[in-house]
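Student: I would like a close look at a single part of this chain. Please take one helix and follow what it touches on, step by step.

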Amino acid sequence: MTDVMTPAPPEPELEADEVPMRPTVRPNGGDRVFLGITKAAGFSTFVIMTAIGIFLLKGAWPTLQREGASFFTGYEWNAAAEGGGDFGVAVVVYYTIAIAVVAMAIAVPLAIITALFVNEYAPRRVRPALIAMVDLFAAVPSLIYGLWGRELASTHLQDVARWFDVHVSFIPPLRSPTNTYDGSTFIAATIVALMIMPIATAVIREVFAQAPVVEKEGALALGGTRWGMIRTVVLPFGKGGIIGGSMLALGRALGEPIAVALIIIPIFTPHLSISERGSNSVGSLIATKFSEAGPKELSALIAAGIALFAITLIVNFGASFIVARSRSGAATEG
């Protein structure tokens, strides 16, 4: 007995308006123009960054030849020393990173909380006003923050630093051996944190707003609380936005010159305490000394700019790598 193969029934023919559309792979004229513009923009960014690096290296070359590696490890900055000056940026770079880290520790949690409040807790009728306020704060010039921090906030922040010194002095960075707090890393970092928080808030809020509504409603429908929904849906979805907004804010915190220069008392001796009097940064060093610098000190300032340029590039490349590995929404995909 042999099996009889039954032919499959023919597929029904589709009407003309039922035929599925298939995307074309050949770009049209508009696509070619847009592709050319984007390639030119990307290439121009690379060219500009390379040109900046060449300019900095050319201007700093006399100092790098004279000082060598000691320029990046030395502590002293004395333009009046014999031989044309003695320059080193180790302490300045240390204080630059310290100000940025303390500012990020203050600004990022506040930015996340503010973004969540605007998106998830604030009444709908006041959300546009809150969003506009955040954007306006991001547009305030750094000079205004510096003047405000110097004339008004500095006294109150010294009281905060004094409270830390009295009550949590067992943490070495919060202890001040001389009990003087003006012009310190803590005060400068707090003002910088207020400057960068609106930038981080705007980016993080925008990403949080794109969290899938279906998943948010599903989490609430299953009996979850609002905070449970935020913790399981919104925060995992916005992880890339948190990192991207934080790194954008960190870039400004590292390079901020004017506000820091108005607040700190410049020193070139390192100390661990962030509340101790005196601090420094590469940006403020360049801003305060550039106009009256001689040829050799000018070359040293440009070399300090190379150090800041390298730190910024490392931070941005690291942020790009982290964001690429944690795209928003990756944690919520089932």
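Tutor: What follows is a walk around helix H5, with its surroundings after that. The model is a predicted one. The chain has 334 residues, and its secondary structure consists of 12 helices and two strands. Along the sequence the order is α-α-β-β-α-α-α-α-α-α-α-α-α-α. Of the residues, 39% count as buried.

Helix H5 covers residues 142-167. Begin with its part in a nonpolar surface patch. Leu-143, Ile-144, Leu-147 and Ile-258 make up this patch, which has an area of about 320 Å². Three of the patch residues come from H5, the largest share. One residue of the patch is Leu-147, which lies in helix H5. Leu-147 has a relative accessibility of 40%, so it counts as partly exposed, since that class lies between 20% and 50%.

Further along the helix is Thr-155. Thr-155 is also partly exposed, because its relative accessibility is 49%. In sequence, Thr-155 is 27 residues away from Asp-182, while the C-alpha atoms of the two are 7.9 Å apart in space.

Next comes a salt bridge within the helix. The side chains of Asp-159 and Arg-162 meet with an N to O distance of 2.8 Å. Why are Arg-162 and Asp-159 separated by about one helical turn? Because they are three residues apart in helix H5. Asp-159 is partly exposed at 40% relative accessibility, and Arg-162 is partly exposed at 36%.

After the helix, the chain enters the loop between H5 and H6, where Asn-179 lies. The phi of Asn-179 is near 55°, a positive value in a residue that is not glycine. Most residues other than glycine have a negative phi.

Helix H6 covers residues 185-208. Arg-205 and Glu-206 form a salt bridge, with their closest N and O atoms 2.9 Å apart. Arg-205 is buried because its relative accessible area is 15%, under the 20% cut-off. Glu-206, at 41%, is partly exposed. The structure holds five salt bridges. Another of them joins Glu-67 and Arg-66 at 3.7 Å, N to O. Here Glu-67 is buried, with a relative accessible area of 14%, whereas Arg-66 is partly exposed at 33%.

H6 also takes part in a pocket. H3, H4 and H6 each supply at least two residues to the lining of the second largest pocket. This pocket holds about 210 Å³ of space. Its lining includes Phe-117, Met-133, Tyr-145 and Leu-194. The lining has 10 nonpolar residues, two polar ones and no charged ones.

For the largest pocket, the volume is about 270 Å³. Its lining consists of 13 residues, and those nearest the centre are Asn-119, Glu-120, Arg-124, Arg-127 and Lys-216. Helices H3, H7 and H8 each give two or more residues to this lining, with H7 supplying the largest share, four residues. The lining of the largest pocket divides into six nonpolar, one polar and six charged residues.

To return to the helix: H5 provides three residues of the nonpolar patch, and the Arg-162 and Asp-159 pair lies in H5 as well.

Conventions: Residues are numbered from 1 along each chain as its sequence is written. This is a predicted model: local features need pLDDT of at least 70, side-chain atom pairs count only at pLDDT 80 or more; totals for chains, interfaces and linings use all residues. Side-chain values use heavy atoms; hydrogens and water are left out. Buried means under 20% relative accessible area, exposed over 50%, partly exposed in between (1.4 Å probe, protein chains only). On a 1 Å grid over the protein atoms alone, a cavity is a set of points where a 1.4 Å probe fits but cannot get out, and a pocket is an open set with protein on both sides within 12 Å along at least five of seven lines; lining residues have an atom within 4 Å of a point. Grid points are joined across faces, edges and corners, and a volume is the space filled by probe spheres set on the points. Ala, Val, Leu, Ile, Met, Phe, Trp, Tyr, Cys and Pro count as nonpolar, Asp, Glu, Lys and Arg as charged, and the others, Gly among them, as polar. Patches are made of residues with over 30% relative accessible area and no salt bridge: like charges are joined within 9 Å, nonpolar side chains (Val, Leu, Ile, Met, Phe, Trp, Tyr) within 5 Å. Accessible areas come from the Shrake-Rupley method with a 1.4 Å probe; for residues, only the protein chains shown count as cover. A salt bridge is a side-chain nitrogen of Lys or Arg within 4 Å of a carboxyl oxygen of Asp or Glu.
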